[in-house]
Amino acid sequence: MKRLFLTAGLTAVLSLAAFAATDAGPNFSGTWALDKAKSQGLDQRMQNAESVTCVITQDDKNISIEWKIAAGQPAAGAPAGGAGGGGGRGPAGPQTYTLDGKEVTTEGGGQMGGTSTRKATLDGNTLELTSIRAGSFNGNDFKATTTDKLSLSADGKTLTIVRHAESPRGTTDSTMVFNKQ
């Protein structure tokens, strides 16, 4: 009788552990190279870049994304290394999100100051990352919102990011397709 209860208890614990593991969702970790030919709606900076790499680090509590944009040819009329030319960088440093659904707010530094709020939400196999940056530049208040929806191919070799961005410059939508390196 004790053996039956022990076996049933062990089975229940293993079932819960398996459920918790599948509940964690996909792991997006890796170094991902942008496939421009398969992507749509890229901004000039990414379109003109020599290369765009997305480095993702993920554990059970956090996901961190760092963009590396190697400068290519500047857009017509743009100075070399300027806004249209890539400048060799993405957003300053990695952007970290917690995977528990809580918002993370940080105070911005530099010329624009302000705050940055980030939140991650897992919906099935899609991870939605929302970033809101608010502040003031030259006496004008601004707010920029970016929502990235990340999904992996069945074989885990292709990452698709569907981006919707709103800022004082307007609204943009793009689909970026990356191959695992």
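1. Arg169 is exposed, with a relative accessible area of 83%. This value, like the others in this note, comes from a predicted model. Arg169 sits in the loop between S9 and S10. Although Arg169 and Ala144 are 25 residues apart in sequence, their C-alpha atoms lie 9.1 Å from each other in space.

2. On the overall layout: the chain contains two helices and ten strands. Read from the N terminus, the order of elements is α-β-α-β-β-β-β-β-β-β-β-β. Of the 181 residues in the chain, 28% are buried. The accessible surface is about 11200 Å², and carbon and sulfur atoms hold 53% of that surface. Among contacts with a separation of 6 or more, 40% are between residues 24 or more positions apart.

3. Strand S1 covers residues 30-34 and has two faces. Gly30, Trp32 and Leu34 form the covered face, while Thr31 and Ala33 form the uncovered one. In a regular strand, side chains alternate between the two faces of the sheet.

4. S1 has pairing partners in S2 and S10. With S2 (residues 51-58) the pairing is antiparallel and uses four bridges; Gly30 has Ile56 as its bridge partner there. With S10 (residues 170-180) the pairing is again antiparallel, over three bridges, and Ala33 stands opposite Asn179.

5. Strands S7 and S8 run antiparallel and are joined by eleven bridges. One of the bridge pairs is Phe137 with Asn140 in S8. The two strands form a hairpin with two residues between them, and Asn138 in that turn has a positive phi of about 55 degrees.

6. S8 also pairs with S9, in the antiparallel sense and over eight bridges. Here Thr146 has Ala165 in S9 as its bridge partner. The hairpin of S8 and S9 has five residues between the strands, and Gly156 takes a positive phi near 75 degrees.

7. How many salt bridges does the structure hold? There are three salt bridges. Side chains of opposite charge can pair when their charged atoms come close. The three pairs are taken up in the next points.

8. Asp148 forms a salt bridge with Arg163, with the closest N and O atoms 2.7 Å apart. Because Asp148 lies in strand S8 and Arg163 in strand S9 (residues 158-167), this pair ties together parts that are 15 residues apart in sequence. Asp148 is buried, at a relative accessible area of 10%.

9. Glu128 forms a salt bridge with Lys149, and the closest N and O atoms are 3.8 Å apart. This pair links distant parts of the chain: Glu128 belongs to strand S7 (residues 126-137) and Lys149 to strand S8 (residues 140-152), 21 residues apart. Both members count as partly exposed, Glu128 with a relative accessible area of 28% and Lys149 with 40%.

10. The remaining salt bridge is between Asp35 and Lys38, whose closest N and O atoms are 4.0 Å apart. Is each partner buried or exposed? Asp35 is buried, with a relative accessible area of 17%, whereas Lys38 is exposed, at 53% relative accessibility.

11. Arg118 deserves a separate entry. Arg118 belongs to strand S6, which spans residues 115-123. Arg118 is buried yet has no salt bridge. Which side chain of opposite charge is nearest to Arg118, and how far away is that side chain? It is Glu107, at 11 Å. A salt bridge requires a side-chain nitrogen of Lys or Arg within 4 Å of a carboxyl oxygen of Asp or Glu, so Arg118 and Glu107 at 11 Å do not form one.

12. What does the side chain of Arg118 reach instead? One partner is the backbone oxygen of Thr96, at 2.9 Å. Another is the side chain of Ser116, joined to that of Arg118 by a polar contact of 3.3 Å. Leaving out residues up to four places away in sequence, Arg118 touches Gln95, Thr96, Tyr97, Lys102, Glu103, Val104, Thr106, Thr130 and Ser131. Thr96 thus appears both as a polar partner and in the list of touched residues.

Note on methods. Residues numbered from 1 in each chain as written. Predicted model: local features only at pLDDT ≥ 70, side-chain atom pairs only at ≥ 80, totals over all residues. Heavy atoms only, no water. Buried < 20%, exposed > 50% of the residue type's maximum accessible area, 1.4 Å probe, protein only. Contact = heavy atoms within 4.5 Å. Areas by Shrake-Rupley, 256 points an atom, 1.4 Å probe, with all protein chains shown as cover. Lys, Arg positive; Asp, Glu negative; His and termini not counted. Polar contact = N/O pair within 3.5 Å; in protein donor to acceptor, adjacent residues only side chain to side chain. Pairing = 2+ DSSP bridges.
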